[in-house]
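Hi everyone, thanks for coming. I'd like to walk you through a structure that is new to most of us, so please have a look at it with me.

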Amino acid sequence: MRNSAPDSSKDLLIYFSNPDTTTEQSEIKKTNWTSRMLFKTRESRKTTQQRKLYGPTTEEVTQWAQSLDNLLSSKYGTIALRLFMKSEHCEENIEFWLACEEFRKIGSRSKLRSRAKTIYKEFVKPESPKEINLDFNTKESLHQSLLIPTQSSFKAAQNRVHFLMEHNSYPRFLDSELYRQLCRIAAGEQ
């Protein structure tokens, strides 16, 4: 695990694009967002094309404020929200949502079954390490769907988690210092 911010612009991009290389959980709130999340450097601000290589444009960051779906459809938006949710100790929601998105793309029946069991054990099963907040009926329905999983097996649960993120984490993200800094960075102000 890294304990300090990276030095070069290449390292900054790697550091930002792989949230799993961040500092320990207890250090997340203590660490300044700028040092943890820079994906542009002063020398990379020369052209719009170069800026695109290192992070979102001003337009992208502005679109994130329009809807959670805009945020989640952006590579950098997803990373930023995941980092924010990790700082708030609720990253299991976005991780589950992303796992469901990948699950829906699986074509093989055997892979579908295997991945469904993994997602269930990790996020749905009572006492699981990253248990998400689902009602009893949704959990029971998911448990039954493990027998013959389909690409839409997790759809209801994913919609519930999307609703929770949209009404809880997303508004807090938009009000966060992190989002304000991303807006300034995208505009070339930092």
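Let me begin with a question: of the contacts in the chain with a separation of 6 or more, what share comes from residues 24 or more positions apart? The answer is 59%. Please keep in mind that this is a predicted model.

Now the overall layout. The chain has 11 helices and zero strands. If you follow the sequence from start to end, the pattern is simply α-α-α-α-α-α-α-α-α-α-α. There are 190 residues in the chain, and 44% of them are buried. On the outside, the chain exposes about 10200 Å², with carbon and sulfur atoms supplying 49% of that area.

Let's go inside and pick one residue. Gln-158 belongs to helix α10, which covers residues 155–174. Is Gln-158 buried or exposed? With a relative accessibility of 1%, Gln-158 counts as buried, since the cut-off for that is under 20%. And who are its partners? Leaving aside residues up to four places away in sequence, Gln-158 touches Phe-96, Trp-97, Cys-100, Glu-101 and Arg-104.

From there, let's move to the surface. Arg-109, Arg-113, Lys-117, Lys-121 and Lys-125 form a positive surface patch. One of these, Arg-109, sits in helix α8, residues 109–124. Arg-109 has a relative accessibility of 51%, so it counts as exposed, the cut-off being over 50%.

Next, salt bridges. How many does a search of the whole structure find? It finds eight. I'll show you three of them.

The first on my list is between the side chains of Lys-130 and Glu-95, with 2.6 Å from N to O. Lys-130 is in the loop between α8 and α9 (136–145), while Glu-95 is in helix α7 (residues 91–103), so this pair ties together parts that are 35 residues apart in sequence. As for their surroundings, Lys-130 is partly exposed at 29% relative accessible area, whereas Glu-95 is buried at 15%.

Another one joins Glu-131 and Lys-139, whose closest N and O atoms are 2.6 Å apart. Here Glu-131 is partly exposed, with a relative accessibility of 32%, and Lys-139 is buried, with a relative accessible area of 16%.

The last of my three is between Arg-180 and Glu-177, with the closest N and O atoms 3.3 Å apart. Both residues lie in helix α11, three residues apart, which is about one turn of the helix. Arg-180 is partly exposed at 38% relative accessibility, and Glu-177 is partly exposed too, at 33%. Salt bridges can also share partners: Arg-82, Glu-95, Glu-122 and Lys-130 are joined into one network that way. You'll recognise Lys-130 and Glu-95 from the pair I described a moment ago.

While we're on helix α11, which spans residues 177–186, have a look at Arg-184, which is found there. Arg-184 is partly exposed, with a relative accessible area of 25%. Where is Val-61 relative to Arg-184? In sequence the two are 123 residues apart, yet in space their C-alpha atoms are 9.7 Å apart.

Let me finish with the loops. In the loop between α8 and α9 you'll find Ser-128. At 10% relative accessibility, Ser-128 counts as buried. Not counting residues up to four places away in sequence, Ser-128 touches Lys-121, Glu-122 and Phe-123. Two of those names have come up already: Lys-121 is part of the positive surface patch, and Glu-122 belongs to the salt-bridge network.

The loop between α8 and α9 also holds Glu-127. Glu-127 is not a glycine, although it has a positive phi of about 70°. Is Glu-127 buried or exposed? Its relative accessibility is 75%, so Glu-127 counts as exposed.

There is a positive phi at His-89 as well, about 60°, and His-89 is not a glycine either. You can find His-89 in the loop between α6 (75–87) and α7. His-89 is partly exposed, with a relative accessible area of 48%.

That's my tour, and I'm happy to go back to any of these places with you.

Note on methods: Residues numbered from 1 in each chain as written. Predicted model: local features only at pLDDT ≥ 70, side-chain atom pairs only at ≥ 80, totals over all residues. Heavy atoms only, no water. Helix = DSSP H or I, 4+ residues; strand = E, 2+ residues; numbered from the N terminus. Buried < 20%, exposed > 50% of the residue type's maximum accessible area, 1.4 Å probe, protein only. Contact = heavy atoms within 4.5 Å. Areas by Shrake-Rupley, 256 points an atom, 1.4 Å probe, with all protein chains shown as cover. Patch = residues over 30% accessible without salt bridge, like charges linked within 9 Å, V, L, I, M, F, W, Y side chains within 5 Å. Salt bridge = Lys/Arg side-chain N within 4 Å of Asp/Glu carboxyl O. Lys, Arg positive; Asp, Glu negative; His and termini not counted. Charge placed at Lys NZ, Arg CZ, Asp CG, Glu CD.
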